[in-house]
Amino acid sequence: MATTSKLNAKIPDGILESKWTKYRSSVHLVNPSNKRSLEVLVVGSGLAGSSAAASLAEMGYKVKVFCYQDSPRRAHSIAAQGGINAAKNYQNDGDSVYRLFYDTIKGGDYRSREANVHRLAEVSSGIIDQCVAQGVPFAREYGGTLSNRSFGGTQVQRTFYAAGQTGQQLLLGAYSALQRQVGMGAVTLMPRHEMMDVVTIDGKARGIIARDLVTGKLERHFGHAVLLCTGGYGNVFYLSTNAMGCNVTAAWKAHKKGAFFGNPCFTQIHPTCIPVSGDHQSKLTLMSESLRNDGRIWVPKKKDDTRKAIDIPEEERDYYLERRYPAFGNLVPRDVASRAAKERCDAGYGVGASKMAVYLDFAFNTERYGKIEATKNNLHNPNKDEIMRLGKEVVKEKYGNLFDMYKQITDENPYEQPMRIYPAVHYTMGGLWVDYNLMTTVPGLYALGEANFSDHGANRLGASALMQGLADGYFVIPYTIGEYLSEEIRTKAIPTDNEAFVKSEAEVQAQIDKLLAIKGSKSVDNFHKRLGKIIWEKCGMSRDAEGLKWAIAEVQKLKAEFWNDVFVPGTANEFNSELEKAGRVADFIELGELMCIDALNREESCGGHFREEYQTEEGEALRDDENFAFVSAWEYKADSQFELHKEELKYENIKIAQRSYK
Ligand SMILES: Cc1cc2nc3c(=O)[nH]c(=O)nc-3n(C[C@H](O)[C@H](O)[C@H](O)COP(=O)(O)OP(=O)(O)OC[C@H]3O[C@@H](n4cnc5c(N)ncnc54)[C@H](O)[C@@H]3O)c2cc1C
C-alpha cells in the first residue's frame, strides 16, 4: 500500500536515531529581526498551547493566545493527575530512549509513526529538566533525587509526578513562562475567547474568527501561522473524564477548511474511573492509573456474589489481570485492562449495585508498606492494626488527594474497603492529521498536543499525553515552524477587512443566527446525551459493522432533528453558555458520524479500536497489518461526505508483532 498523494508526512531521511538531530541542525531558521514582524496565533492554553506560546515568544515571535476559560491556568491539562514519562533511567532499571520508543509503538498497537515517536522519546528527558528549572515540584526521594513510579504497558519506572496533581503543577510552570512573556509584551492573552473558524487565504491559514464570550462580539485576528492546541474530543461521548468544556470545534472547523482528520475512531477508554451512578450524571471521574502501582484489581470468583469485599476470602477472589497477564499484571495498557474489566462484568462477575464495576484494592500493599515502616521504626512484632495504620500513612502520602476525591464522590472510604471502578472515555488518539513538522494539510495551520492525531497510535500509554503536549510545545514546534515561517518573512500582516475574513465572519454569524432562530423544544444537552449514548454503545469499547451502520444512520437523524428542534435561549450579543454549547454539540454530531465511518472502514482490531469481528480466540485485538497498517486521514468534502486518504506506516526499526503482555 502506498501513501495517498495528498499526504506527505515529511519524515526526514537518515537513520532513526539521528533524524531529529540532523533535522534540527538543518531546518530553516528565521533571523531575530524578522521574527519580530511575524505573528503567531496560538489557540489553546493547556500544556501544549502554553509551552508553545511561551517558547515562540521567547524566540522573538509576536504571539496571541486564545482560550475559552477565564484564565489559561484553567485549561483541562490542570486535571492530569498521575504523571509524565521520560526516559531518564533514574531507577537504573533498564530504561532508555529506545525502550520508551518501543513501549510507545507497541502500546499503540503498531499504528503510530516511528520517526515521531522516536523524537518524542528523545526529547522526553529535556522536558523534565525544563520543568524542574521552572520550579515544578516533582516528587523526590529522601535524598533529593526525583522520584518515579510505574504506569501501564511498561516494565520500568519512568513516570515523574507531583502527588496526584502533575498536570496542575506542569501547567503552573508553563503558565509562569507564558506570563513572563506577557509581562514583556511578547504575548497577548485573549481569555474568554472561542475560536469559531480558521481563515484561509490562497490556501494558507492566515487567521481566525473568535467570539468574545463575554460580549458575544465576533473578532478577526490575523496570524502568519495558526497553532491549534485545543485538546481532545472525548466529550463527544457526553460522559467522559474530560473537563466539561472540552470540545472539538476548533479542530472540526479546521477540518472543514481543508485539514484532514486522522484516525477519528481511536478513543482511549481508561480502566480506572468511578462507575456511572445514574442518568443525571454529566461527568465521570478518573482514578489515576498511578493507583495501579499499588492497587490490585479483582472480582469475586463466584457470579453475583453479594458479600462485602472484605468478607470475600483471598482464595475466592479472581485477580484476573494478574491471572491473564502475569508479566505485566495490573499494569497492562489501558485498552487491555478496560476490555478485561468489561469482559468480567459482562460475564456476570461485576460488583456493586449496578454490577458494572470491579474492585481496585489497596489492602495488600498497605500491609506491605506497613511492615516496611514497622521495620524502619524498629517496631518488633507489631500487630495487624499497627501495620495497617503505618501502611495507610504511606498510601496517604502517595495518593491522598485521589483517595479523598473518591470518598467525596462515593461516600466510601477507600482506606478501609476497595474502590469500585469501571472503564470510561478518557482521551482521543485521533485528531487533526499532521506531518513531522506538526503542520496539518492546510499550510500554516499546525496542531499540537491532544488536538493532533498524535504519536500514540491506537492506544496511548499512561503519562504520555503530558509528555507529548510539552514535547510539541517546548521542543518540536520552536524548530519546525521555522521551516514555514522562513518563507513568510516577506508577507506583511494582512488587514482583517480582507474578503476572506469578512466571509468567514459572516458564515460564523449565520450559524449563530440559525441556532438562535430554531427555538425548538429540546435542550442542547438532550441532543448531546443522545449522541453520547449512540457513540458509546456502538463506537465505544467494542464495535461491529452492524452497530456502526446503525449508528451512522442514527447520528444523521439526530443531526436533522438538532437543526429543527434545538432550543437555544438568550441572544448572540451577551454571555450565553447555551449558545456556546449548541455550536460545540453541532460539531460533535458531525464528528460522531465520521468516527463511526472510520471505525466501520477499519476492518481490524487494534488498541482501543476493538471490532468484535476481529479478535483472537482469547478475545485479544486482532490486527490486520497487511491491509490496515496506515493512518486514516479523512478529507471533508461536503455534509456527511468524507474521502479517505492513507498514510502508510512503515516499521523499519521495530519488529511488528502480535502484542503480548503475558
Ligand atoms: C482526568 C484526567 C487526568 C489525566 N491525567 C494524565 C496524566 O497523569 N498524565 C498524562 O500524560 N496525561 C493525562 N491526561 C491527559 C492529558 O491531561 C491531556 O491529554 C492533556 O492535558 C491535553 O493537553 P492539551 O494542551 O493538548 O489540551 P488542553 O489542556 O485540553 O487545553 C485545551 C485548550 O484549548 C482551548 N480551546 C479549546 N477549544 C477552543 C476554541 N475553540 N477556542 C479557543 N480556545 C479553545 C481551551 O480553552 C484550553 O486552553 C489526563 C486526562 C484527564 C481527563
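These questions and answers go through the ligand site, a pocket and one residue of a predicted model.

Reader: Which residues come nearest to the ligand?
Author: The ligand has 37 residues around it. Of these, the ones that come nearest are Gln69, Ser77, Gly82, Met195 and Glu450.

Reader: Which element gives the largest share of the shell around the ligand?
Author: Four elements each supply at least two residues of this shell: α3 (47-59), β6 (193-201), β15 (419-428) and α12 (465-485). The largest share is 3 residues, and the element they come from is β6.

Reader: How many residues of the shell around the ligand are charged?
Author: The shell can be divided by class. Nonpolar residues number 17, and polar residues number 17. The charged residues number 3.

Reader: What is the distance from a backbone N or O atom of Ala48 to an oxygen atom of the ligand?
Author: A polar contact needs a pair of N or O atoms within 3.5 Å. Leu47 has a polar backbone atom 3.2 Å from an oxygen atom of the ligand, and for a polar backbone atom of Ser464 the distance is 3.4 Å. For a backbone N or O atom of Ala48, the distance to a ligand oxygen is 3.0 Å.

Reader: How much of the accessible area of the ligand does the protein cover?
Author: On its own, the ligand has 1000 Å² of accessible area. The share of this area that the protein covers is 98%.

Reader: Which element gives the most to the lining of the second largest pocket?
Author: The second largest pocket holds about 750 Å³ of space. Its lining has 26 residues, and those closest to the centre are Leu239, Val276, Lys533, Trp536 and Glu537. Two elements, β15 and α14 (524-539), give two or more residues to this lining. With 6 residues, the element that gives the most is α14.

Reader: How many residues in the lining of the second largest pocket are nonpolar?
Author: The lining divides into three classes. It has 5 polar and 6 charged residues. The nonpolar residues number 15.

Reader: Is Arg490 buried or exposed?
Author: Arg490 lies in the loop between α12 and α13 (499-518). A residue counts as exposed if its relative accessible area is over 50%. Because the relative accessibility of Arg490 is 69%, this residue counts as exposed.

Reader: What distance separates the C-alpha atoms of Arg490 and Ala451?
Author: Along the chain, Arg490 and Ala451 are 39 residues apart. In space, their C-alpha atoms are separated by 30 Å.

Methods. Residues are numbered from 1 along each chain as its sequence is written. This is a predicted model: local features need pLDDT of at least 70, side-chain atom pairs count only at pLDDT 80 or more; totals for chains, interfaces and linings use all residues. Side-chain values use heavy atoms; hydrogens and water are left out. A residue is near a molecule or strand if one of its heavy atoms lies within 4 Å of it. A polar contact is a pair of N or O atoms within 3.5 Å; within protein, one must be able to donate a hydrogen and the other to accept it, and residues adjacent in sequence count only if both atoms are side-chain atoms. Accessible areas come from the Shrake-Rupley method with a 1.4 Å probe; for residues, only the protein chains shown count as cover. Ala, Val, Leu, Ile, Met, Phe, Trp, Tyr, Cys and Pro count as nonpolar, Asp, Glu, Lys and Arg as charged, and the others, Gly among them, as polar. On a 1 Å grid over the protein atoms alone, a cavity is a set of points where a 1.4 Å probe fits but cannot get out, and a pocket is an open set with protein on both sides within 12 Å along at least five of seven lines; lining residues have an atom within 4 Å of a point. Grid points are joined across faces, edges and corners, and a volume is the space filled by probe spheres set on the points. Buried means under 20% relative accessible area, exposed over 50%, partly exposed in between (1.4 Å probe, protein chains only).
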